[in-house]
Amino acid sequence: MPQGWSKHDNQMYESIRESSMDRGMDPAQAKEIAARTVNKHRRQEGRTPNKRTMGTGNPRKPLEEHTRDELYNLAKEHKIEGRSKMQKDELIAALNDV
């Protein structure tokens with residue numbers, strides 16, 4: 001079990017890996033997909049330290065408490081035009097309009 005994973009994370013990993021292998025997927029690919037899925041889930045819940053290029057922060061926090069990069073990633077998910085040139089306050093305003 002990787003460092004930082006909970007018992008639930010490990011159970012999710014095993015379930016996804018086994019399901020993928022039951023469908024005939026290569027074991028190495030099944031492991032990678034399972035790990036990526038669990039890590040994405042942890043990131044979305046705000047249980048991992050976000051790197052600059054990934055993540056949208058803790059969805060339970062107000063937008064004002066997110067970093068500019070997290071707001072940018074949220075804007076990207078919502079396909080907001082001109083997001084690359086926006087500052088933090090502009091991203092917040094654009095996301096509030098969605």
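In which helix do Arg36 and Glu32 both lie, and how many residues apart are they? To find out, select the two residues in this predicted model and show their side chains. Both belong to helix α2, where they are four residues apart, or about one turn of the helix. An α-helix has 3.6 residues a turn, so residues three or four places apart point the same way. In this pair the side chains meet in a salt bridge, with 2.8 Å from N to O. Arg36 counts as exposed because its relative accessibility is 56%, whereas Glu32, at 41%, counts as partly exposed.

**More salt bridges**

A search of the whole structure finds six salt bridges, and the next one to select is the pair Arg47 and Glu45, whose side chains meet at 2.7 Å, N to O. Arg47 is partly exposed, with a relative accessible area of 34%, and Glu45 is also partly exposed, with a value of 27%. Now add Asp9 and Arg42 to the selection, since salt bridges that share partners join Asp9, Arg42, Glu45 and Arg47 into one network. Another salt bridge to look at is that between the side chains of Asp69 and Arg68, where the distance from N to O is 3.9 Å; here Arg68 is partly exposed, with a relative accessible area of 28%.

**A buried histidine**

Move next to His66, which lies in the loop between α2 (27–44) and α3 (68–77). Although placed in a loop, His66 is buried, with a relative accessible area of 3%, and buried here means under 20%. If you show the backbone of Lys61 as well, you will find its oxygen 3.4 Å from a polar atom of the His66 side chain. Leaving aside neighbours within four places in sequence, the residues in contact with His66 include Thr56, Gly57, Asn58 and Lys61, together with Leu71, Leu74 and Lys88.

**Helix α4 and its two sides**

Select residues 88–97, which form helix α4, and colour Leu91, Ile92, Ala94 and Leu95, which are buried. Looking down the axis of α4, you should see that these buried residues fall within an arc of 165 degrees, so they line one face of the helix. On the other side of α4, the residues Asp89, Asn96 and Asp97 are exposed. Keep the buried residues in view and bring in α3, because it is α3 that the buried residues of α4 pack against.

**The nonpolar cores**

With both helices on screen, select the largest nonpolar core, which is made up of 10 residues: Leu63, Leu71, Leu74, Ala75, Ile80, Met86, Leu91, Ile92, Ala94 and Leu95. Helices α3 and α4 each supply at least two residues of this core, and α4 gives the most, with four residues. Centre the view on Leu95 and you can trace its contacts, for Leu95 touches Leu63, Leu71, Leu74, Ala75 and Ile80, not counting residues up to four places away in sequence. There is also a second, separate core of five residues, and Trp5, Met12, Tyr13 and Val38 are among them.

**A last stop in a loop**

Finish at Lys79, which lies in the loop between α3 and α4. Is Lys79 buried or exposed? Its relative accessibility is 66%, and therefore Lys79 counts as exposed. Look at the backbone too, where phi of Lys79 is near 55 degrees, a positive value in a residue other than glycine.

Key:
Residues numbered from 1 in each chain as written. Predicted model: local features only at pLDDT ≥ 70, side-chain atom pairs only at ≥ 80, totals over all residues. Heavy atoms only, no water. Buried < 20%, exposed > 50% of the residue type's maximum accessible area, 1.4 Å probe, protein only. Polar contact = N/O pair within 3.5 Å; in protein donor to acceptor, adjacent residues only side chain to side chain. Contact = heavy atoms within 4.5 Å. Arc of directions from axis to C-beta. Core = buried A, V, L, I, M, F, W, Y, C linked by side-chain atoms within 4.5 Å. Salt bridge = Lys/Arg side-chain N within 4 Å of Asp/Glu carboxyl O.
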